[in-house]
Amino acid sequence: MLSKCANPKCNASFQYFRQGKVFEVQSNLVHPTVSTPVALSRRTPSRVEHFWLCPDCAPTLTIAVNNKREVSVVPIESIARGAVA
């Protein structure tokens, strides 16, 4: 559920979809190190998580997922430079 801005330094409360920017991130429920036959024989289940950046944060920040599947808020310019792994 969206309740506040994803930027931990911001306390803006979510009120309307038309304000700010909503991000949809698909994440696997099964950790990649699980190697049971059942996990390998079926398609890995996934879920969708939503993150919101308020109108003040959205112009300069974005949501990124690193190779450890950790979601973080990063400056847009770092994505353009390729600084997020």
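The legends below describe several views of one predicted protein model.

**View 1. The whole chain and the order of its elements.** The secondary structure of this predicted model comes to 2 helices and 4 strands, and, read from the N terminus, these elements follow one another in the order β-α-β-β-β-α. The protein has 85 residues, of which 24% count as buried. About 6,500 Å² of the protein is exposed, and carbon and sulfur atoms supply 52% of that area. If one takes the contacts between residues at least 6 apart in sequence, 48% of them join residues that are at least 24 apart.

**View 2. Asn7, in the segment before strand 1.** Asn7 lies in the segment that comes before strand 1, which spans residues 21-28. Is this residue, Asn7, buried or exposed? Asn7 counts as buried because its relative accessibility is 11%, and the cut-off for a buried residue is under 20%. The side chain of Asn7 reaches the backbone nitrogen of Lys9 at a distance of 3.0 Å. When neighbours within four places in sequence are left aside, Asn7 is in contact with Leu53, Cys57, Leu61 and Val73.

**View 3. The hairpin of strand 3 and strand 4.** Strand 3, residues 61-65, and strand 4, residues 71-75, run antiparallel and are joined by 5 bridges. Within this pairing, Ala64 of strand 3 stands opposite Ser72 in strand 4, while the bridge partner of Val65 in strand 4 is Val71. The hairpin has 5 residues between its two strands, and in it Arg69 takes a positive phi near 65°. Strand 3 is mostly covered, since 4 of its 5 residues are buried. As background for looking at any such strand, the side chains of a regular strand alternate between the two faces of the sheet.

**View 4. The largest nonpolar core.** The largest nonpolar core of the model has 14 residues, and those with the most contacts inside it are Cys5, Trp52, Leu53, Cys54, Cys57 and Ile63. Strand 1, strand 2 (46-53) and strand 3 are the elements that give two or more residues to this core. Which element gives the most to it? Strand 2 does, with 3 residues.

**View 5. Trp52 and the residues around it.** Trp52 is one of the residues with the most contacts inside the largest nonpolar core. Leaving aside neighbours within four places in sequence, Trp52 is in contact with a long list of residues, including Leu2, Lys4, Cys5, Ala6 and Ala12. Further along the chain, the contacts of Trp52 include Phe14, Tyr16, Gln19, Lys21 and Val22.

**View 6. Val22, in strand 1.** Val22 has its place in strand 1. With a relative accessible area of 30%, Val22 is partly exposed, because this class covers the values between the cut-offs of 20% for buried and 50% for exposed. Not counting residues up to four places away in sequence, Val22 touches Leu2, Phe17, His50, Phe51 and Trp52. Val22 and Ile63 are 41 residues apart along the chain, and their C-alpha atoms are separated by 9.5 Å.

Terms used
Residues are numbered from 1 along each chain as its sequence is written. This is a predicted model: local features need pLDDT of at least 70, side-chain atom pairs count only at pLDDT 80 or more; totals for chains, interfaces and linings use all residues. Side-chain values use heavy atoms; hydrogens and water are left out. Buried means under 20% relative accessible area, exposed over 50%, partly exposed in between (1.4 Å probe, protein chains only). A polar contact is a pair of N or O atoms within 3.5 Å; within protein, one must be able to donate a hydrogen and the other to accept it, and residues adjacent in sequence count only if both atoms are side-chain atoms. Contact means heavy atoms within 4.5 Å. Two strands pair if DSSP finds at least two bridges between them. A nonpolar core is a set of buried Ala, Val, Leu, Ile, Met, Phe, Trp, Tyr and Cys residues joined through side-chain atoms within 4.5 Å. Accessible areas come from the Shrake-Rupley method with a 1.4 Å probe; for residues, only the protein chains shown count as cover.
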